[in-house]
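Let's take a friendly walk through this structure. Have the sequence and the 3D view at hand as you read.

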Amino acid sequence: MHNNHAEYPAHPPIDSTEVLNTPMTDQVLLDQVISAWTLLQQQQPLVQCISNSVAANYVANILLAAGASPAMIDHPQEAQGFAAVCSALSINLGTPTLEQMQAMYIAAETAHLQRTPWVLDPVGYGSVLQWRSQAADQLLKFKPNIIRGNASEISALAGHQTQTKGVDSTLSSRQVYLQAQSLLQHSECVAISGVSDYILSKKYQAVIQIDGGSALQPRVTATGCALGALTAAYAAVTDSTIAAIAAHVHFAIAGQLAAVKTQQLGSFNVAFLDYIHAMDSQMIEQFAQINIIDILPPLSLQL
């Protein structure tokens, strides 16, 4: 399922000195997103996906369309070896089996030890689905680089009681981003998807809002799961914050342009995949909506 990437290092070194020494502005973030997209095309990172039965095929297609290389390796006998050589890891708790859960622990621990970037998507986290929720709590000890979910999942993971509807969010992202600050004890970055997306960054001590997209996106199965995997792909080529921003911008632009083309759900899904593939630096420059909206207090960033 994946290409031969022997010419690229598994974990390319990232020199973020220039970014840290530059005053943080919306334009600086936009420039970094364009750079991340360019690196994604050049390096085609190999992403191990422990995904769910509903989403696996769609996730693989989105990663291929975006320029990454998916590998749906989710067996405990293979998880350690593959997590040691992949460029990034995406763990999704959508439909966990006992064997998948074992593979998640093994892969997450390996990624943590190897310093391989990995993303935790705590699908369905909450009081109703307690087994997977307890597993997500355990996975936090392996320090995911990025935690990505909808507003209800992130709120519940941060310790706030919320009412959920299956795996769908019943909260807005804006309601949750202040609650989610506690999760920066476990991760470098928290990404909350919704009508507007919010990225909480420990590195930049900021909250970044991403706009765009379409109301049709949540009506296509597995778009959120695929967004988590694409975030992992970007994390293979840049720092966690820029990776989360870049993935959400990529999705927002594709959704926005697909909705202009059609409002029919089936053809929207095809157009969305097409725009994921057709993305380029000019489209990002023209359509990205990135805004720094808040500065996080230092106390919320202490471990």
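The sections below cover confidence, the sheet and two helix pairs.

## How far to trust the model

This is a predicted model, in which local features need pLDDT of at least 70 and side-chain atom pairs count only at pLDDT 80 or more, while totals for chains, interfaces and linings use all residues. Residues are numbered from 1 along each chain as its sequence is written, and side-chain values use heavy atoms, with hydrogens and water left out.

The average pLDDT (the predictor's confidence in each residue, from 0 to 100) is 89 for the protein, and 86% of the residues score at least 70. Two stretches stay under 50: residues 1-20, with 36 contacts (heavy atoms within 4.5 Å) beyond four places in sequence, and residues 299-303, with ten such contacts. Where pLDDT is low, please don't read the predicted coordinates in detail.

## The sheet

Helices (H or I, at least four residues) and strands (E, at least two) are DSSP runs, numbered from the N terminus. Nine strands make an open sheet with mixed pairing, in the order E2-E1-E3-E4-E5-E6-E7-E8-E9. At its edges are E2 (69-71) and E9 (289-295), each paired on one side only; two strands pair if DSSP finds at least two bridges between them. Neighbouring strands are turned by 20° against each other on average, direction ignored.

For a detail to look up, try E4 (residues 118-121) and E5 (residues 146-150), which run parallel and are joined by two bridges. Leu120 has Ile147 in E5 as its bridge partner.

## Helices H3 and H9

The axes of H3 (residues 56-66) and H9 (residues 223-235) come within 9 Å and cross at roughly 45°. Axes are lines fitted to C-alpha atoms, for helices over the stretch in contact, and angles run from 0 to 180 degrees between N-to-C directions. H3 and H9 are therefore oblique to each other; angles under 35 degrees count as roughly parallel, over 145 as roughly antiparallel, 65 to 115 as roughly perpendicular and the rest as oblique.

On the H3 side, the contact residues include Tyr58, Ile62 and Leu63, and on the H9 side they include Cys225, Ala229 and Leu230.

## Helices H10 and H11

H10 (residues 240-261) and H11 (residues 265-278) have axes that come within 8 Å and cross at roughly 135°, so this pair is oblique as well. Among the residues that meet are His250, Phe251 and Lys261 in H10, and Phe268, Phe272 and Tyr275 in H11.
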